[in-house]
Amino acid sequence: MSTVAPTLPPSKNATDWWRNAVIYQIYPRSFADGNGDGIGDLPGITSRLDTIAALGVDAVWLSPFYVSPQHDAGYDVADFRDVDPVFGTLADADALIARAHELGLRIIVDMVPNHTSFEHVWFREAAVAEIDSPVRHRYIYRDGRGPDGAEPPNNWTSVFGGPAWTRETRPDGTPGQWYLHLFDSTQPDLNWSHPEVQDEFDDILNFWLKRGVDGFRVDVAHGLIKEDGLPDHFPNEGGGSMGGSEFIATPYFGQEGVHDVWRRWRRILEGYGPDRILVAEAWVYPLTRMANWVRPDEMHQAFNFPYLETAWDADAQRRMITESLAAFSGVDAPSTWVLSNHDTVRHASRLALTAVNPQGHGIGPKSAGLPIPDLGLKRARAATLMMLALPGSAYVYQGEELGLPEHVDIPDDARQDPTWFRTAGERYGRDGCRVPLPWEAEAPAYGFNTTGESWLPQPDAWAGLARDVQSGDPASTLSLYKAALAERAARDLGNGTVEWLDLGDGILAFDNGDVRVIANIGGDEVRFEGTVIAASGPVNDTVPADTTVWLSRR
Ligand code: GLC
């Protein structure tokens, strides 16, 4: 351990900071590129962190920056204790953590325990070991079915498409066993019944906690444990790619045993004090079941994906908010709110789609029901202003504060998501929400770097959305986010309560403390009285369609 990260300023020291925090997700590949190679990096992030602090958020969550061959944009980790050269060095990570703390920002890093990269030293070792060698038990190898074991051991499919099993080739060139990968074939699943796997992750958590991180966003926190015997699975109709709306446990997601892992991790974090947190990426339904991930001795928060997936419809939104508050408060956890992330179609596009688009499928030039951009942005601003008035903790994904839409027109040959390859182009995947950010309208790559390189092409129209263009404009989306975040903090909305009002069909209205929120989601224009604190679009004395206002009740 080289660096001891400075502690946060005293005003930021509350142990339950996460109960009402706004957490900004940085996707390192696409945030800021310090060395100009076209891929974002840690020094790039550090150099721009003050901008994020100035936005008014409490913490930053960083998607993975560990050593990785980048077959799934870093979610395929080859070494959990080091930084990939594409992103920088461990010293750069230390510098980033230190700078964040100086600015009063907490740092949450991503932890990916369900699988490793196929380039991880354990998997390399397993691949050349004798079939009965104990080193292979760290992964999930099985004999194939059928004559010569030529069929996969069961019928499970990968979240990214195609079978969840790949047959290995033995060092002598003959076909061997099959290994399980719920994601890409370059991401073999770990065997979490193995004590060495459990111990290894204890150690990895300690490694990063000692470096000063404030918590972990836990990847695929509904995975890890597989049902004994690995039985075939016949999903419900309509089940989405991450387990979908299925109410039953699958043999690979939502298994009861995973909760023991989270209890164990919680104890490790508590060894560092009460303020380090675990955030679950758990695609489990319904919310009352997801709440099991955030019981008092497990994780602190879970991403509220059912909220993200809720249609732009006043009744559906009200039901979902009510259900969320009830489900999470039932286990004494805050609800979270999230509208966009690196796996979903950006909400400035998603909210105006007119065709069903299952999570992870993405949109591209040939998708049905493509959004009208202006309508999408209008709804996104209204949705965000509503979200930021809710009690609990909210997540903001980089670029949404600029109103960035999904990049729909990425050429086929520029696409990188394994989903695109594993479905032979049938699903576009997630590249469209991962395009490098526009910082300055007139600079190369819009200021993402100084060379103009960009690992995914940036749309021409993004010049108009660049941060420098928006920062002086009071009507910009950036100004809306800043104003809303400042008011949310000043009025302590994150610790408040929701009291519903009935103002007519298509109108979602509630009071939280001294703020009245009115969102017109497809209703008639509704009149209001009172002082406007924030508005997602032009208002006089009525709230027009697809618009949210905050009014002062004082
Ligand atoms: C999570 C990540 C996603 C990644 C997958 C496999 O869902 O958010 O980006 O591809 O896990 O690690």
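What follows is a conversation about salt bridges and one sheet in this structure, which is a predicted model.

Trainee: What makes the contact between Glu-125 and Arg-138 a salt bridge?

Mentor: The closest N and O atoms of Glu-125 and Arg-138 are 3.2 Å apart, and because the cut-off is a side-chain nitrogen of Lys or Arg within 4 Å of a carboxyl oxygen of Asp or Glu, the pair counts as a salt bridge. Glu-125 lies in helix 4 (residues 121–128), while Arg-138 lies in the loop between helix 4 and strand 6 (141–142), and the two are 13 residues apart.

Trainee: Why is Arg-138 called buried, and why does Glu-125 count as partly exposed?

Mentor: Buried means under 20% relative accessible area and exposed means over 50%, with partly exposed in between. Arg-138 has 8% relative accessibility, and therefore counts as buried, whereas Glu-125, at 35%, counts as partly exposed.

Trainee: How do you know that Arg-467 and Glu-401 meet in a salt bridge, and where in the chain are these two residues?

Mentor: Their side chains meet at 2.8 Å, N to O, which is to be set against the limit of within 4 Å. The pair links distant parts of the chain, with Arg-467 in helix 13 (residues 467–471) and Glu-401 in the loop between strand 13 (393–397) and helix 12 (418–422), 66 residues apart.

Trainee: Are Arg-467 and Glu-401 buried or exposed?

Mentor: The threshold for buried is under 20% relative accessible area; Arg-467 has 6% and is therefore buried, and Glu-401 has 0% and is therefore buried.

Trainee: Why do Arg-491 and Glu-487 count as partly exposed?

Mentor: Because partly exposed is the range between under 20% and over 50%, Arg-491 at 25% belongs there, and so does Glu-487 with a relative accessible area of 23%. Their side chains meet in a salt bridge of 2.7 Å, N to O.

Trainee: Turning to the sheet with the order 14-15-16-20-18, why are strand 14 and strand 18 said to stand at the edges?

Mentor: Strand 14 (499–501) and strand 18 (531–535) each have a single partner strand, so one side of each is left without a neighbour in the sheet. The sheet is open, has five strands and shows antiparallel pairing.

Trainee: How do you know that strand 14 pairs with strand 15?

Mentor: Two strands pair if there are at least two bridges between them, and three bridges join strand 14 to strand 15 (residues 507–512), which run antiparallel. Within this pairing, Glu-499 has Asp-511 in strand 15 as its bridge partner.

Key
Residues are numbered from 1 along each chain as its sequence is written. This is a predicted model: local features need pLDDT of at least 70, side-chain atom pairs count only at pLDDT 80 or more; totals for chains, interfaces and linings use all residues. Side-chain values use heavy atoms; hydrogens and water are left out. Helices (H or I, at least four residues) and strands (E, at least two) are DSSP runs, numbered from the N terminus. Buried means under 20% relative accessible area, exposed over 50%, partly exposed in between (1.4 Å probe, protein chains only).
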